[in-house]
Amino acid sequence: MSMFLEKFTAYGADVEGVMDRFMEDEDLLMMCLDQFVADDEIAQLEECMGKEDYKQAFEVAHALKGVTGNLGLTPLFQATCILVESLRHGNYDNVDEELAAVVQKREEFVKAYENMK
């Protein structure tokens with residue numbers, strides 16, 4: 001296992017699943033992770049949530065859930081799942097805290113990823 005994959009595993013990533021989806025192409029995975037870090041869906045999600053546009057927030061969060069799942073970013077994926085389900089069911093009581101958890105998990109991943117390369 002490469003040093004990158006060891007660090008990715010230590011972060012909590014689903015390395016086995018993501019490497020299967022990426023046909024064991026570590027370079028492709030890193031390209032996709034670079035793109036994920038460069039894109040900032042979180043800003044769009046925060047904007048929707050700030051406007052209480054929960055329908056659009058659901059769409060953005062749902063897309064984020066898919067991306068994080070495909071990239072094996074388990075801690076961020078799990079936090080995003082909680083927010084998605086609240087938005088899906090119209091339960092807005094805790095969405096601010098759930099969004100904060102998503103933001104925190106993304107920041108944790110970005111910081112960890114900088115140390116993986």
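Begin by selecting T68, which is found in helix α5, the segment covering residues 54-70. The model on display is a predicted one. T68 is buried, and its relative accessible area is 0%. Display its surroundings next: leaving aside neighbours within four places in sequence, T68 is in contact with F36, L73, L76 and F77. Of these partners, F36 falls within the span of α3 (26-38), while L76 and F77 fall within that of α6 (residues 74-88).

**A second buried threonine**

Move now to T80, placed in helix α6, which comprises residues 74-88. Is T80 buried or exposed? T80 is buried, again with a computed relative accessible area of 0%. Select A61, L64, K65 and V102 together with T80, since these are the residues that T80 touches once those up to four places away in sequence are not counted. A61, L64 and K65 belong to the stretch 54-70 that forms helix α5, the helix that also holds T68.

**The whole chain**

Zoom out and colour by secondary structure. The protein comes to 7 helices and 0 strands, and reading along the sequence gives the pattern α-α-α-α-α-α-α. Along the principal axes, the C-alpha atoms fill a box of roughly 45 × 25 × 20 Å. The radius of gyration is 14 Å, which agrees with the value near 13 Å that a compact globule of 117 residues would have.

Colouring by accessibility shows how the interior is populated: buried residues make up 42% of the 117 residues. Contacts can be considered in a similar way. Among those with a separation of 6 or more, 60% are between residues 24 or more positions apart. A surface representation corresponds to an accessible area of about 6,600 Å², and carbon and sulfur atoms account for 50% of it.

**Charged side chains**

Select the charged side chains next. How many are positive and how many negative? There are 10 positive and 25 negative side chains. The centres of the two sets lie 1 Å apart.

**Two loop glutamates**

Go to E24, in the loop between α2 (15-21) and α3 (26-38). Its backbone merits inspection: E24 has a positive phi of about 65 degrees, although the residue is not a glycine. E24 is exposed, with a relative accessible area of 57%.

Continue to E52, in the loop between α4 (41-50) and α5. Here too a residue that is not a glycine has a positive phi, in this case of about 55 degrees. At 56% relative accessibility, E52 counts as exposed.

**The cysteines**

Finish with the cysteine sulfurs. A disulfide is a covalent bond between the sulfur atoms of two cysteines. How many disulfides does a search of the whole structure find? The search finds 0.

Two selections show why. Start from C32, whose closest cysteine sulfur is that of C81, 19 Å away and therefore too far for a bond. C32 itself is partly exposed, with a relative accessible area of 28%. Then select C81, for which the closest cysteine sulfur is in C48 at 18 Å, so this pair is also too far apart for a bond. For reference when reading these distances, the cut-off for a disulfide is a sulfur pair within 2.5 Å.

Note on methods. Residues are numbered from 1 along each chain as its sequence is written. This is a predicted model: local features need pLDDT of at least 70, side-chain atom pairs count only at pLDDT 80 or more; totals for chains, interfaces and linings use all residues. Side-chain values use heavy atoms; hydrogens and water are left out. Buried means under 20% relative accessible area, exposed over 50%, partly exposed in between (1.4 Å probe, protein chains only). Helices (H or I, at least four residues) and strands (E, at least two) are DSSP runs, numbered from the N terminus. The radius of gyration is taken over C-alpha atoms; the globule rule is 2.2 Å times the number of residues to the power 0.38. Contact means heavy atoms within 4.5 Å. Accessible areas come from the Shrake-Rupley method with a 1.4 Å probe; for residues, only the protein chains shown count as cover. Lys and Arg count as positive and Asp and Glu as negative; His and the chain ends are not counted. The place of a charge is taken as NZ of Lys, CZ of Arg, CG of Asp or CD of Glu.
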